Amino acid sequence: MATAAAHQTHGTEERRAATAAYEQAFDTAVAADERIEPRDWMPDAYRATLVRQMAQHAHSEIIGMQPEANWITRAPSLRRKAILMAKVQDEAGHGLYLYSAAETLGTSREELLDKLHSGRQKYSSIFNYPTLTWADVGAIGWLVDGAAITNQVPLCRCSYGPYARAMVRICKEESFHQRQGYELLLALSNGTPEQHEMAQDAVNRWWWPSLMMFGPPDDESAHSAQSMTWKIKRHSNDELRQRFVDICVPQAESLGLTLPDPDLKWNEERGHYDFGPIDWTEFKEVLKGNGPCNEQRITQRRRAHEEGAWVREAAAAHAAKHSDRTGARQA
Amino acid sequence: MTAAQTTVPTTAALALGDDALVLSHRLGEWAGHAPVLEEEVALANIALDLLGQARVLLSMAGDEDELAYLREERAFRNLQLVEQPNGDFAHTIARQLYFSTYQHLLYAELAAGDGPFAPLAAKAVKEVAYHRDHAEQWTLRLGDGTDESHERMRRAADALWRFTGEMFRPVDGLDVDPAGMEAAWLESVEDVLRRATLPLPEGPRAGGWTAGAGRQGLHTESFGRMLAEMQHLHRSHPGATW
């Protein structure tokens, strides 16, 4: 017994030493800006953080189809309809890339969708706002995709290889969508007085929720410090938000539209635009599930999944029969 | 305008263009509702191909947006088949199987000729081959899947059967006669249904109520509501550009 216990202790110490060596190798790789790949050792918490973030990102692509798909059947020209359909299709594709990337960490798409449907994993709060006019499609392209790109371009250099590579592909398409959204708003802004008003109203409603997409202020952001050490995140929420505001102000001017913030003004000393306070109470309410469309969005997603169950079962049953037959032929 | 464009038979361009436009719209209604993410991509992809075809065809007949957004129900020339509501996934697949098989045969013939539709058909026939394959594969999976999917696929194939005869009525100004493709269509669809373990639907493939009706601007009831949704924004802002 004594020998066994001693052996066990020895084993634990060996494991501890091995883990310490792995940790050091991991830290060194991250510090040297090397990419962590699926077969590499990684800390459990690193893995968990990535799964959480990538799943939330994938869910946002899937839920984010809804507010825009809401206008596919009403798009006012065939050209715009084609652009919108292509965009919504791209979003489904982005969701698929991201679920695949998350699966390299040992989870599965089914498990992640189940967590989305049961409310255990979140999606971006922005998609809980309604698209009330055609101009909202443009405002989403310009502001929401613009904010997403500002957030996501640094992720192309994220320390986890599969995520970084997915982001390279996604950011290219997102930039294209963002330009299309801007161009849609420009056409409205230069159109009839009613179209101009429609564009201004949409920007008024989407501006603040877009600023909230960067997350809580730095002093309240739970995951930020660790994510920055691990180089999953490269800039703080407030830095990215400021960068976004600085980009949008001149774009709004060239659109001939105003941003709904009386405090917005150039600060010569900082070399940035100052902007007014964000309503964090609203942000928290939307995150808690009390936004305008939370219930509607998740209900539609669950319904599509539930009503599609028989189709997925049929595909699985057919595949099983087919592989049985192949097996029988081989035997 | 070139001489070739001026001689495009408007009635035929509208018939083919409206088929593509209306079916594209129906498929667009699936966005965000598909049973699996891969089908979000596939259905949107097919819808986009069809919309692309519609835009070329309608532009041969006039201004694409005027034709899509400012015609009344009675002026649309699409088949009644393509305007049928989506129903469940099996219903959508049956509609797609019947139509894609027809469209593939039609475009292959048009592409082989030298008429005004040959260039469009030559490009579109490749897209439609993919649509047809997608519909066939799903017919096999659903027909030869579970008991429930078999029953749903059987009901869908039955329900839409009576709209299939209209596809083979002559189209004014088209340089091929769709009637000549009917045997090949039947053979192909029968083969897919048989491999999917589904019975061949019984009953007429057309009657006095459907024969050539869509092509003459006589549509089914749900079509007017579809147009109301599709056209309302465009019609609310006369003369605006988007």
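Here is a short walk through a predicted model, one selection at a time.

**Chain A, whole**

Start by showing chain A alone. You should find 13 helices and two strands. Along the principal axes, the C-alpha atoms take up a box of roughly 85 × 65 × 35 Å. Colour by accessibility if your viewer does that: 51% of the 331 residues of chain A count as buried. If you like contact maps, take the contacts in chain A between residues at least 6 apart in sequence; 77% of those join residues at least 24 apart.

**The loop after H1(A)**

Now select Asp33(A), in the loop that runs between helix H1 (2-31) and helix H2 (44-63) of chain A. Check the backbone here. Most residues other than glycine have a negative phi. Asp33(A) isn't a glycine, yet its phi is positive, near 60°. Its relative accessible area is 47%, so Asp33(A) is partly exposed.

**H4(A) against H5(A)**

Next, select residues 78-103 and 109-117 of chain A, which are helices H4 and H5. Two packed helices are described by the angle between their axes and the distance between the axes. What are those values for H4(A) and H5(A)? The angle is about 115° and the axes are 9 Å apart, which makes H4(A) roughly perpendicular to H5(A). H4(A) passes H5(A) in a right-handed crossing. To see who is touching whom, show side chains for Leu96(A), Tyr99(A), Ala102(A) and Glu103(A) on H4(A), then Arg109(A), Leu112(A), Leu113(A) and Leu116(A) on H5(A). Sorted by class, this contact of H4(A) with H5(A) has six nonpolar residues, two charged ones and no polar ones.

**H6(A) against H7(A)**

Move along to residues 135-152 (H6) and 161-189 (H7) of chain A. These two helices pack at about 145°, with axes 7 Å apart, and H6(A) passes H7(A) in a left-handed crossing. On the H6(A) side, the residues to pick include Gly138(A), Gly141(A), Trp142(A), Asp145(A) and Ile149(A). On the H7(A) side, try Ile170(A), Glu174(A), His177(A), Tyr182(A) and Leu185(A), among others. The class breakdown for H6(A) with H7(A) is twelve nonpolar, eight polar and two charged residues.

**Gly308(A)**

Still in chain A, jump to Gly308(A). It sits in the loop between helix H12 (294-307) and helix H13 (309-330). Is Gly308(A) buried or exposed? It is buried, with a relative accessible area of 2%. Turn chain B on for this stop: leaving out residues up to four places away in sequence, Gly308(A) touches Arg303(A) and Pro35(B). If you want a distance to draw, Gly308(A) and Gly119(A) are 19 Å apart, C-alpha to C-alpha, and 189 residues apart in sequence.

**Chain B: H6(B), H7(B) and His131(B)**

Over to chain B. Select helix H6 (residues 89-112) and helix H7 (residues 118-143). Their packing angle is about 150° and their axes lie 7 Å apart. H6(B) passes H7(B) in a left-handed crossing. By class, the contact of H6(B) with H7(B) has 20 nonpolar, eight polar and two charged residues.

While you're on H7(B), click His131(B). This histidine counts as buried, at 0% relative accessibility. Which residues does His131(B) touch, not counting those up to four places away in sequence? They are Ile46(B), Asp49(B), Leu50(B), Gln53(B), Gln96(B) and Ser100(B).

**Rings in chain B**

Time for aromatics. The count over all chains comes to 20 aromatic pairs. One to look at is Phe99(B) with Tyr102(B): their ring centres are 5.8 Å apart and the planes are at 50°, so the pair is tilted. Both residues lie in H6(B), three residues apart, about one turn of the helix. Phe99(B) and Tyr102(B) are both buried. Now widen the selection to Tyr98(B), Phe99(B), Tyr102(B), Trp161(B), Phe168(B) and Trp185(B), which ring pairs link into a cluster.

**Last stop: Thr197(B)**

Finish at Thr197(B), in the loop between helix H9 (182-195) and helix H10 (221-236) of chain B. Look at the backbone again: phi is positive, about 60°, although Thr197(B) is not a glycine. With a relative accessible area of 44%, Thr197(B) is partly exposed.

How values were computed:
Residues are numbered from 1 along each chain as its sequence is written. Chains are lettered from A and ligands numbered from 1 in the order in which they are written. This is a predicted model: local features need pLDDT of at least 70, side-chain atom pairs count only at pLDDT 80 or more; totals for chains, interfaces and linings use all residues. Side-chain values use heavy atoms; hydrogens and water are left out. Axes are lines fitted to C-alpha atoms, for helices over the stretch in contact, and angles run from 0 to 180 degrees between N-to-C directions. Helices (H or I, at least four residues) and strands (E, at least two) are DSSP runs, numbered from the N terminus. Angles under 35 degrees count as roughly parallel, over 145 as roughly antiparallel, 65 to 115 as roughly perpendicular and the rest as oblique. A crossing is left-handed if the near helix is turned anticlockwise from the far one by less than a right angle, and right-handed if clockwise. Contact means heavy atoms within 4.5 Å. Ala, Val, Leu, Ile, Met, Phe, Trp, Tyr, Cys and Pro count as nonpolar, Asp, Glu, Lys and Arg as charged, and the others, Gly among them, as polar. Rings of Phe, Tyr and Trp (its six-membered ring) pair if their centres lie within 6.5 Å; planes under 30 degrees apart count as stacked, over 60 as edge-to-face and the rest as tilted. Buried means under 20% relative accessible area, exposed over 50%, partly exposed in between (1.4 Å probe, protein chains only).
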